[in-house]
Amino acid sequence: MKKIFITRHIPEAGLRLLRKQRSLKIDVYEKDRIIPRRVLLRRVRGVDIILSILTDRIDKQVMDAAGPQLKLIANFAVGFDNIDINEAKKRGITVTNTPGPEISAAVAEHVLALIFALAHRITETDTFARKNKYKGWGPEMFLGVDVAGSTLGLIGGGAIGSAVAKRLKDGFGVKILYHDVKHNIKLEAETGAVFCPLKTLLKQADWVSLHVPLLPSTHHLIGAPELKLMKKTAYLINTSRGPVVDEATLIDALKNNQIAGAGLDVYEHEPHIPRALRKLPNVVITPHTASATHTSRDAMSRAAAQNILAFTSGKTPPNALS
Ligand code: GLV
């Protein structure tokens, strides 16, 4: 009998798969909120598997609290910066995540939604209309920008970045520039994407969209010097992780109209979204919901379960990271 602790209820699609496996004893944190640290430390005691979500910091202390029988941390997220991977490796604990075409599609659609909301000033005009300020049509009211024919600069040309590029290229003839630690030949072949140095990308793109994992090397990848290189008419889109951007510097750049605007789904100190950011008209902000479609979250739930089921039957989980 293997014991699993699930830190927050996840869609039934995955839970159903786990419940079918009679040799698993499943304990789910019953409240619909982020599990308090002290409760997490208590509830993991003696478990073999933790199914965590991205808000749980799974570090040495949690691994110690669980005990030496802990052998799998199955994260319900593509990102895994909430887990101390090196510590897990040292202890022989396998870590898995939940990538897949469904989550890539959902995040890509969210990126497009942010881009179009900014281009057509949707949140600004929605607020204006709701406040009953619309007193008559005007030829120069709320002018926006065209997405068609513009240039996208992708920082990170992996699965999600590629899904964004493909949609913008196929649907709107957007030119794609990308920067990454390695070339993505498939992305280049499918979208005509051009690999370029970060500086060139920042200078030329109309939309800079971030698709990198949070690592020591990507922390504050976008700071004052990078924002300075961007065009005054360009927008920054972040659906990756908040700390990839130096948020205070971004707020200054937005206030000073050093760049045209930003579409943000992630923040440096979540769930805190700075008041200064919330007050800016040239930003569209969403609460880390880029992957929040039924299809995507069901797929993530199934992926987490499949990682666990593979592991418990002695196979390498499909999304093993370490
Ligand atoms: C969401 O941010 C994820 O990493 O899946």
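These are my notebook entries on a predicted model with a bound ligand.

**Entry 1: the ligand site**

I started with the ligand and listed what surrounds it. The shell consists of L54, A77, V78, G79, I103, R241, H288 and M300. Sorted by class, I have five nonpolar residues, two polar ones and one charged one.

I then looked up polar atoms next to ligand oxygens. For V78 the partner is a backbone N or O atom, 2.8 Å from an oxygen atom of the ligand. For R241 a side-chain N or O atom lies 2.7 Å from a ligand oxygen. For H288 the atom is again in the side chain, and the distance to a ligand oxygen is 2.6 Å. On its own the ligand has 190 Å² of accessible area, and the protein covers 88% of that.

**Entry 2: salt bridges**

How many salt bridges does the structure hold? I noted 16. Side chains of opposite charge can pair when their charged atoms come close. I went through three pairs and one network.

The first pair is D59 with R37, joined side chain to side chain at 2.8 Å, N to O. D59 sits in the loop between β3 (49-53) and α3 (60-66), while R37 belongs to helix α2 (residues 37-43), so this bridge ties together parts that are 22 residues apart in sequence. Is D59 buried or exposed? I have D59 as buried, at 15% relative accessible area. R37 is partly exposed, at 23%.

The second pair is R130 with D126, whose side chains meet in a salt bridge of 2.4 Å, N to O. Both residues are in helix α6, four residues apart, and are therefore separated by about one helical turn. R130 is exposed, with a relative accessible area of 66%. D126 counts as partly exposed, at 34%.

The third pair is K166 with D170, at 3.1 Å from N to O. Helix α7 (residues 159-172) holds both, and they stand four residues apart, about one turn of the helix. K166 comes out as partly exposed, with 33% relative accessible area. D170 counts as exposed, with 53% relative accessibility.

Which residues are linked in a network of salt bridges? I wrote down K60, D64, E87, K90 and R91.

**Entry 3: a nonpolar patch on the surface**

Next I looked for nonpolar side chains on the outside. Y134, W137 and M141 form a surface patch, with about 390 Å² of accessible area together. I placed Y134 in the loop between α6 (122-130) and β6 (151-155). The relative accessible area of Y134 is 45%, so I have this residue down as partly exposed.

**Entry 4: T7**

I looked up T7 for its surroundings. T7 is found in the loop between β1 (2-6) and α1 (12-20). With a relative accessible area of 1%, T7 is buried; the cut-off is under 20%. The side chain of T7 makes a polar contact of 2.5 Å with the side chain of D56.

**Entry 5: backbone geometry**

Last, I checked the backbone for unusual angles.

Which peptide bond is cis? I recorded the one from E270 to P271, where omega is near 10°. P271 lies in the loop between β11 (261-264) and α12 (275-279).

I also noted two residues other than glycine with a positive phi. In F142 phi is near 45°. F142 is placed in the loop between α6 and β6, and Y134 of the patch is in the loop between these elements too. F142 is partly exposed, at 28% relative accessible area.

In H220 phi is near 55°. I located H220 in the loop between β9 (207-210) and α10 (224-229). H220 counts as partly exposed, at 29% relative accessibility.

**Entry 6: recap**

I close with the items I would look up again on the model. At the ligand, they are the backbone of V78 and the side chains of R241 and H288. Among the salt bridges, D59 to R37 is the one I marked for tying together parts 22 residues apart in sequence. In the backbone, I marked the cis bond from E270 to P271.

Methods. Residues are numbered from 1 along each chain as its sequence is written. This is a predicted model: local features need pLDDT of at least 70, side-chain atom pairs count only at pLDDT 80 or more; totals for chains, interfaces and linings use all residues. Side-chain values use heavy atoms; hydrogens and water are left out. Patches are made of residues with over 30% relative accessible area and no salt bridge: like charges are joined within 9 Å, nonpolar side chains (Val, Leu, Ile, Met, Phe, Trp, Tyr) within 5 Å. Accessible areas come from the Shrake-Rupley method with a 1.4 Å probe; for residues, only the protein chains shown count as cover. A salt bridge is a side-chain nitrogen of Lys or Arg within 4 Å of a carboxyl oxygen of Asp or Glu. Helices (H or I, at least four residues) and strands (E, at least two) are DSSP runs, numbered from the N terminus. Buried means under 20% relative accessible area, exposed over 50%, partly exposed in between (1.4 Å probe, protein chains only). A residue is near a molecule or strand if one of its heavy atoms lies within 4 Å of it. A polar contact is a pair of N or O atoms within 3.5 Å; within protein, one must be able to donate a hydrogen and the other to accept it, and residues adjacent in sequence count only if both atoms are side-chain atoms. Ala, Val, Leu, Ile, Met, Phe, Trp, Tyr, Cys and Pro count as nonpolar, Asp, Glu, Lys and Arg as charged, and the others, Gly among them, as polar.
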